[in-house]
Amino acid sequence: MIEVAEGMSVDVEGDGSVREDGSKYSYESMESLTNYLLKRTKHRPMVGVICGSGMGGLADMLEDKESFPYHEIPGFPTSTVPGHKGRLVFGILKGVSTVCMQGRFHVYEGYSLWKCAMPVRVMKLIGVRTLIVTNAAGGLNPDFRIGDIMIIKDHINFPGFAGDNPLRGRNDDRWGPRFPAINNAYDLHLRKVAKDIAHDLGLGDYLREGVYAMVGGPSYETVSELRALRTLGADAVGMSTAHEVIAAKHCGLRVFGLSLITNECVMEYDVQRSANHAEVLETSNRRKTDLEKLVTNLVAQIKY
């Protein structure tokens, strides 16, 4: 047994191959981490929410809150991106026991995909049955405008095309099957309910539905890359979410996803405009109230 980056241990097999066993985040270590949290909170959440860039206000809406900074939770990474506070927040949202990640982890921060997706498994062991993921995304669809809210109906996981998947390595059947189906990752019923809620709230003019493409980042995409993504059917692009959804489906969670379109992707050559994170945060701040209303009303209507 030898130690490698990020605390992962590997066994060197007799044939000279190296086997990753993910022992740092084994099922047992996840149980231990879960017990650490459950001993310190009275809440037993049924819903988990991952807050995207600038969307941490969702966690602030919880009542009877109990917060845990990531750096105080054994084994948790820390979030380094502006707009991500870096706290796990337990509380009550519209009468439903909920836990929010007030900030997520990204591969471009130096973490492996399996580590970025690890909190989803913690949520599963805590008792979460439905996961809501939100993100800030660039609009690829020419019909989309800055400030639109896109219900995610599917995703394109580009890191997965290169063999980088949060499920890579030896499978533990206690989490789920070796080869989970992802074709219905985003729950159809929750998408329909969210559409009805959005129209009742008067958000119909800003509501879209489409395909989210995950890329690695942290650099924004070139014009040619964006054109290729659009040709493949992507409506929005970002640097998160797909790995979290894969981990959630692997362990049997229902998933609902939202993208806030925070900028229009630059898909023409020889122009001076360019994407920037300040624009992302500004748009998130401007539309956060509408997004918070949509998510909170959805949580209130989730049935088990």
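Reader: Where is Tyr 25 placed?
Author: The model is predicted: local features need pLDDT of at least 70, side-chain atom pairs count only at pLDDT 80 or more, and totals for chains, interfaces and linings use all residues. Residues are numbered from 1 along each chain as its sequence is written, and side-chain values use heavy atoms, leaving out hydrogens and water. Helices (H or I, at least four residues) and strands (E, at least two) are DSSP runs, numbered from the N terminus. Tyr 25 sits in the loop between β3 (18-20) and α1.

Reader: What is the relative accessible area of Tyr 25?
Author: Buried means under 20% relative accessible area, exposed over 50%, partly exposed in between (1.4 Å probe, protein chains only). Tyr 25 is buried, at 9%.

Reader: Which residues of α1 are buried?
Author: Helix α1 spans residues 27-38. The buried ones cover an arc of only 135° around the axis, so they lie on the same side of α1; the arc is that of the directions from the helix axis to the C-beta atoms. They are Tyr 27, Met 30, Leu 33, Thr 34, Leu 37 and Leu 38.

Reader: Which helix gives the most to the largest nonpolar core?
Author: A nonpolar core is a set of buried Ala, Val, Leu, Ile, Met, Phe, Trp, Tyr and Cys residues joined through side-chain atoms within 4.5 Å. The largest has 47 residues, and Leu 33 and Leu 37 are among those that touch the most other members. With 9 residues, the top contributor is α3.

Methods
The expected span of a helix is 1.5 Å times one less than its number of residues.
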